[in-house]
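Thanks for asking me to look this over. Below are my notes, in numbered points, to read alongside the model.

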There are 2 protein chains.
Amino acid sequence: MQKLMQVLGYNFNDTELLRLALSHRSVGGQNNERLEFLGDSIINFIVADELFMRFPTVTEGQLTRMRAQMVCAEMLTVIAKEFEFGKYVVLGAGERRSGGHQRASILADALEAVVGAIYLDSNKDLKLLKNTILRWYDKHWHVFDDKNAQGNKDPKTVLQELLQAKRLELPVYEVVKIEGEQHKQTFYVECKVALLDEPTTGVGNSRRKAEQMAAIEALGKLQNATK
Amino acid sequence: MQKLMQVLGYNFNDTELLRLALSHRSVGGQNNERLEFLGDSIINFIVADELFMRFPTVTEGQLTRMRAQMVCAEMLTVIAKEFEFGKYVVLGAGERRSGGHQRASILADALEAVVGAIYLDSNKDLKLLKNTILRWYDKHWHVFDDKNAQGNKDPKTVLQELLQAKRLELPVYEVVKIEGEQHKQTFYVECKVALLDEPTTGVGNSRRKAEQMAAIEALGKLQNATK
């Protein structure tokens, strides 16, 4: 268990909770199913949050597909196998005999349950949990490398590079309106882009934010225009 | 908007974010779809967490069904209508003409997006968000009243009442082992119940916790036995 906690990157206060998380329903009595329910929703949320922040310009449809890819049983099994969960899962006699230690669904479910267990054991410290889980996922984000190249960048940069690649003029941003009192202003920005008939507009509580929003809109329209 | 923030129970720093959350994709350009993706995963997680804590004795299958009931479009639409979202959603001309202000899916999606927006606007303050969302749900938990009657109680109490109702002897708990150093002990408890051939066992880092776990297992076995 000590070794498992080391690779998980989390030290349980109550190691019985970890043991419960590793106990497949085939053991009868107390098992990991409720923890799995909890852990599943936590992984979903943490991955959704991370995708939302990492990829500011991809659509909701893409985000949904990307999340499915990251939280599917296959991906969870890969991670569980990296941690050698097969050595630690607790199974009933029947499952044990029929090779349950290596069954993908058992390993993936146990990983979800371990997430639920860490959540409870850490007194619901979601920041800690987020860091822990994102570390597990660290080497798996590369599946989105093509999106990542764009996603990690400021949308203004993405827009600029796109236009440069097409040898078009760079976008021009202009603040067209500022509303509200000092320190609580709302900025309205227009962004003129060579390929678009009309400027796009962005709104935000800083000039930079408004420009980014206008750039995102321009990117969206350019994507539609070039489909 | 002021009135909407009042009924939502959250005051936006950046009201543009709220406006974005209310903007249906029919407006073109910037809309609430990405925020909806984020909010959906947050509601899922918060409801799962709450169900897990409220109903310590229900199974994973029941929890999954209960969550589905709480986060389905119908329920979200009910809440969105209580907040009169129809007055606030921003629609494209076509949707507006065809009565989109009252379309259930548009209202439910906007509610999810508002959750995403509160998350971002509050600098990801999940505690605040949890309080806010659970207040919205407050009057809707009653759909689980039959489960609630049991779920809110200590599993030991539930077990005791179940046995009393059947005019059976009360359960007997016994600590059978204590492991570990002082302040970091693990308790093993057995629970003897009239209808069960063998005592159930519970493990926890306090005697009370171990007894509760043993009671939960006994409840599970009794439920199976009486099916």
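1. Let me start with helix α5 of chain B, on the face turned away from its buried side: the exposed residues there are E74(B) and E82(B). This is a predicted model, so please read every point here as a comment on a prediction.

2. Which residues of α5(B), spanning 73-82, are buried? They are L76(B), T77(B) and A80(B). Viewed down the helix axis, the buried residues of α5(B) stay within an arc of 100 degrees, and therefore line one face of the helix. Their packing partner is α7 of chain B.

3. Just past the end of α5(B), have a look at the backbone of E84(B), where phi is positive at about 55 degrees. For context, most residues other than glycine have a negative phi.

4. A little further on comes G86(B), placed in the loop that runs between α5 and α6 (93-97) of chain B. Is G86(B) buried, exposed or partly exposed? With 16 other C-beta atoms within 10 Å, G86(B) is partly exposed, since the buried class asks for 20 or more and the exposed class for 12 or fewer. Leaving out residues up to four places away in sequence, G86(B) touches H101(B), Q102(B) and L107(B). The C-alpha atoms of G86(B) and I106(B) are 8.9 Å apart, with these positions 20 residues apart along the chain.

5. The loop between α7 (104-121) and α8 (126-137) of chain B deserves a check of its torsions. It holds N123(B), whose phi is near 55 degrees, a positive value in a residue that is not glycine. K124(B) lies in this loop too, and it also has a positive phi, of about 60 degrees, without being a glycine. As for surroundings, N123(B) is exposed, having 8 other C-beta atoms within 10 Å, whereas K124(B) counts as partly exposed with 16 C-beta neighbours inside 10 Å.

6. On to the core. The largest nonpolar core has 84 residues, and those touching the most other members are A21(A), A110(A), V114(A), A21(B), A110(B) and V114(B). Taking A110(A) as an example, its contacts beyond four places in sequence are A21(A), L22(A), N32(A), A80(A), F85(A) and V89(A).

7. Now the contact between the chains, to which chain A and chain B each bring 29 residues. On the chain B side, at least two residues come from each of α3 (33-54), α4 (60-71), β3 (200-204) and α11 (207-225). The biggest share is that of α3(B), with 12 residues. Sorted by class, this side of chain B has 10 nonpolar, 11 polar and 8 charged residues.

8. How are the two copies related? A turn of 180 degrees, with a shift of 0.0 Å along the axis, lays chain B on chain A with an RMSD of 0.1 Å. The copies are thus related as by a two-fold rotation axis. In chain B, the C-alpha nearest that axis belongs to F45(B), at 3.3 Å. Because 100% of the interface residues of chain B are also interface residues in chain A, the copies meet through the same surface.

9. Finally, the confidence values. Chain A has an average pLDDT of 89, and 95% of the residues score at least 70. For the complex, the predictor reports an ipTM of 0.70 and a pTM of 0.71.

Definitions and conventions:
Residues are numbered from 1 along each chain as its sequence is written. Chains are lettered from A and ligands numbered from 1 in the order in which they are written. This is a predicted model: local features need pLDDT of at least 70, side-chain atom pairs count only at pLDDT 80 or more; totals for chains, interfaces and linings use all residues. Two residues are in contact if their C-beta atoms, placed from the backbone, lie within 7 Å. Helices (H or I, at least four residues) and strands (E, at least two) are DSSP runs, numbered from the N terminus. Ala, Val, Leu, Ile, Met, Phe, Trp, Tyr, Cys and Pro count as nonpolar, Asp, Glu, Lys and Arg as charged, and the others, Gly among them, as polar. A nonpolar core is a set of buried Ala, Val, Leu, Ile, Met, Phe, Trp, Tyr and Cys residues joined through C-beta atoms within 7 Å. pLDDT is the predictor's confidence in each residue, from 0 to 100. Copies are superposed by least squares on the C-alpha atoms of residues with pLDDT of at least 70 in both. The arc is that of the directions from the helix axis to the C-beta atoms.
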